[in-house]
Amino acid sequence: MSNLTHSELKITNMQTIESNKKNTIIENSIDENSIDLPDFTSDSYKDAYSRINAIVIEGEQEAHDNYVSLATLIPNELEELTKLAKMELKHKRGFTACGRNLGVQADMIFAKEFFSNLHGNFQTALKDGKTTTCLLIQAILIEAFAISAYHVYIRVADPFAKKITQGVVKDEYLHLNYGQEWLKENLATCKEELMEANKVNLPLIKKMLDQVAEDASVLAMDKEELMEEFMIAYQDTLLEIGLDNREIARMAMAAIV
Ligand code: PL3
Ligand code: FE2
Ligand code: FE2
């Protein structure tokens with residue numbers, strides 16, 4: 001595997017200068033790091049990647065469009081929202097490069113369909129001027145989904161994609177934080193809408209997770225881990241917004257339907 005070549009080279013160099021004991025430690029740590037890493041060149045990997053990569057590319061494009069739309073609902077924050085939207089296009093370019101690097105053609109038709117329900121709900125809320133619902137869908141649910149998935153992916157990604165994804169995930173926290181702070185400030189007036197939007201859209205996130213699980217497992221991403229990471233990110237955010245444990249538990253239960 002190409003990511004081992006550099007490390008193996010390093011060992012060869014070190015063997016001439018380091019003690020045997022030290023080399024054993026270095027070799028063990030390399031074994032641990034490379035354990036369970038998939039073969040990035042296999043047909044099965046590339047086939048699964050053609051859908052996962054498309055989902056991420058489509059997700060980043062839709063995130064861009066959603067922040068541009070949000071600026072029409074929160075016009076006094078046009079500048080900030082434009083900044084977030086621009087980051088999403090940069091993410092899209094990054095993940096497009098990841099697919100190109102592996103020689104994979106992204107299945108964009110599959111990805112559009114994957115997002116269609118959530119996309120529809122965002123568009124309806126936008127038309128009705130429901131800022132809270134739009135923010136919950138994009139800045140909380142989608143961003144928490146992205147953050148959790150990217151974290152799990154970073155552990156098993158090829159070296160090129162790993163670097164890109166590490167850069168992206170830092171930005172996604174800023175996006176999640178944006179939604180979190182707006183909802184926190186407006187909690188007194190938006191709680192009811194927040195609960196309703198969660199009830200409708202959290203089950204969609206769960207469904208999307210179920211749908212992506214099989215392809216993700218080919219990329220060595222574990223479904224349980226994806227779900228755990230998502231729930232941790234989501235619960236943390238709701239707590240920061242100012243909801244209490246009982247309200248959060250009630251909201252999380254919406255996923256079990
Ligand atoms: C928000 O800025 C972007 C939203 C993107 C949605 C992400 C969905 C993640 C699905 C699982 C992907 C695993 C990561 C693989 C990266 C090539
Ligand atoms: Fe993004
Ligand atoms: Fe984002």
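Reader: What makes up the protein chain in terms of helices and strands, and how are these assigned?
Author: The protein chain holds 10 helices and 0 strands, where helices (H or I, at least four residues) and strands (E, at least two) are DSSP runs numbered from the N terminus. This is a predicted model, in which local features need pLDDT of at least 70 and side-chain atom pairs count only at pLDDT 80 or more, while totals for chains, interfaces and linings use all residues. Residues are numbered from 1 along each chain as its sequence is written, and chains are lettered from A and ligands numbered from 1 in the order in which they are written.

Reader: How do you know that α4 spans what is expected of a helix?
Author: The expected span is 1.5 Å times one less than the number of residues; with 25 residues, α4 is expected to cover 36 Å, and the 37 Å from its first C-alpha to its last is close to that. Just after α4, Gly103 takes a positive phi of about 70°.

Reader: Why are Leu81 and Phe95 of α4 called buried?
Author: Both are among the residues of α4 that count as buried, because that word applies where 20 or more other C-beta atoms, placed from the backbone, lie within 10 Å of a residue's own (exposed if 12 or fewer, partly exposed in between). The cover over the buried residues of α4 includes α3 and α7.

Reader: What makes the set of 61 residues a nonpolar core?
Author: The term means buried Ala, Val, Leu, Ile, Met, Phe, Trp, Tyr and Cys residues joined through C-beta atoms within 7 Å, and the largest such set has 61 residues, with Ile52 and Leu141 among those with the most contacts inside it. Its largest share, 16 residues, comes from α6.

Conventions. Two residues are in contact if their C-beta atoms, placed from the backbone, lie within 7 Å.
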